[in-house]
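Here's a quick briefing on a fold and on a couple of annotated positions. Have a look at the structure first, then read on.

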Amino acid sequence: MHRVSLIGAPTDIGAGARGASMGPEALRVANLGPILASHGVAVADRGNLSGPANPWQAAQAGYRHLPEVVAWNQAVHAAVAAELALDRLPILLGGDHCLAIGSISAVARHCRTLGRKLRVLWLDAHADFNTAELTPSGNLHGMPVACLCGHGPATLTDLGGLNPALPPSALRSIGIRSVDAGEKRFVHAAGLEVFDMRYIDEMGMRHTMTQALAGLDAQTHLHVSFDVDFLDPDIAPGVGTPVRGGPTYREAQLCMEMIADTGRLGSLDVVELNPALDVRNRTAELAVDLIESLFGKSTLMRD
Ligand SMILES: [Mn+2]
C-alpha cells in the first residue's frame, strides 16, 4: 500500500503569469486527499510550505526572482527529503514548475544514498531546458530540466549536493510541443530523450510509454513531474502557458495507467495548475482524476 504525503508549495515565483500559487488549495478543493484515500492510499496532508512573496520584478542577470526561487526550492528539497526518509511517497502540489528543481534533486540524493536507479518522466508541453543565455523572459519555470542537468546558477544546480543532480539519460520528456530555437539545439546537444507530440501522433501513447518506461527494474525509483499544461488546453484550460495540440483525455489516462502498472512510482510533482485561469475548477478535478489513475484506479473493466 502506498503511504503518501501531500506537500503544498503555494508560489508562482518562477512563472510568467500569476496564479499557480493557488494550485495546492484548488487540488484540495477537488478532494485529492480523500479521493486517494478512497483507493486505499494512506494520505497525510503536510499542509503548505512557506516562502518569500512574489515581488514581480524584471529579470536580473538573466533570471527573474532568483533569490526567491532558491528559497522556495530549498524548502521543497527539505520537505521532500524528509518524506522520502520516512519511506513515504511525496506529492508536491505546486506551484510552478521551477519547484521540481528542489523535489527532484531531493529524490536524486535519496536514490544515491540508497543505491537505487532513478527514472524521471517529465510530462509537459515544454522542454523546460532553457538557460539564462537562451531565454528572453528569465522565468525559471522554463529552466528546471537544464538546472537538474547542471546548467544554471550554482545556487540551483548544487541544491542536492551533487552537480549535476542527474544525467540526461535518467530523463524522458513526454508531450513536448513548444520549444524555443536555441533551446532545441541545447536539448539535442545534451542528448535528452524527448517524445514530442509528433512522436505520440505517429507512434501512439502506448508505444511512447512503453519506450519511456523501458528498462525499469525493481531497483528503480520512478519520479513523475506532471506539468498540467502537458494536457490539451481544451480539457485543461487552467494553466499559465497553454499550448494547443496536447494529449487527449484518453491518451492522458493511458499514460497514467501504464505508469501505475509498473508499480515503481516513488514520487510525484503536480505543477502549473493555475486556478485564476481555470473554469469552475475543472482542470484541478481533471488533474485529480489522472492522479487517481497514477495510483491504480482503472477507468475500464479491469482489475
Ligand atoms: Mn513545465
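A UniProt entry, unreviewed, puts the feature "binding site" at Asp124 and His126. Keep in mind that this is a predicted model. Below are the surroundings of those two residues, then the sheet.

**Asp124**
- Asp124 is in the loop that lies between strand 4 and helix 5 (144–148).
- Asp124 has 28 C-beta neighbours inside 10 Å, so it counts as buried, the cut-off being 20 or more.
- Setting aside neighbours within four places in sequence, Asp124 is in contact with Ser173, Gly175, Ile176, Asp227, Asp229 and Phe230.

**His126**
- You'll find His126 in the loop between strand 4 and helix 5.
- His126 is buried too, because 25 other C-beta atoms sit within 10 Å.
- Not counting residues up to four places away in sequence, His126 touches Gly142, Ile176, Ser178 and Thr241.
- Ile176 turns up in both lists: it contacts Asp124 and also His126.

**The sheet**
- The sheet is open, with 8 strands in the order 2-1-3-8-7-4-5-6 and parallel pairing.
- At its edges are strand 2 (42–48) and strand 6 (193–196), each pairing on one side only.
- On average, neighbouring strands here are turned by 15° against each other, ignoring direction.
- Strand 7 (residues 220–227) pairs with strand 8 (residues 265–271) in the parallel sense, over 6 bridges.
- Within that pair, leucine 222 stands opposite leucine 265 of strand 8.

**Helix 8 on the sheet**
- Helix 8 (residues 197–212) packs on the sheet and touches strand 4 (117–123), strand 5 (171–176) and strand 6.
- The direction of helix 8 makes about 125° with that of strand 6.

Conventions: Residues are numbered from 1 along each chain as its sequence is written. This is a predicted model: local features need pLDDT of at least 70, side-chain atom pairs count only at pLDDT 80 or more; totals for chains, interfaces and linings use all residues. Two strands pair if DSSP finds at least two bridges between them. Helices (H or I, at least four residues) and strands (E, at least two) are DSSP runs, numbered from the N terminus. Axes are lines fitted to C-alpha atoms, for helices over the stretch in contact, and angles run from 0 to 180 degrees between N-to-C directions. Two residues are in contact if their C-beta atoms, placed from the backbone, lie within 7 Å. UniProt positions are given in the numbering used here, feature names are shortened, and annotations may be inferred rather than shown by experiment. A residue is buried if 20 or more other C-beta atoms lie within 10 Å of its own, exposed if 12 or fewer, and partly exposed in between; C-beta atoms are placed from the backbone.
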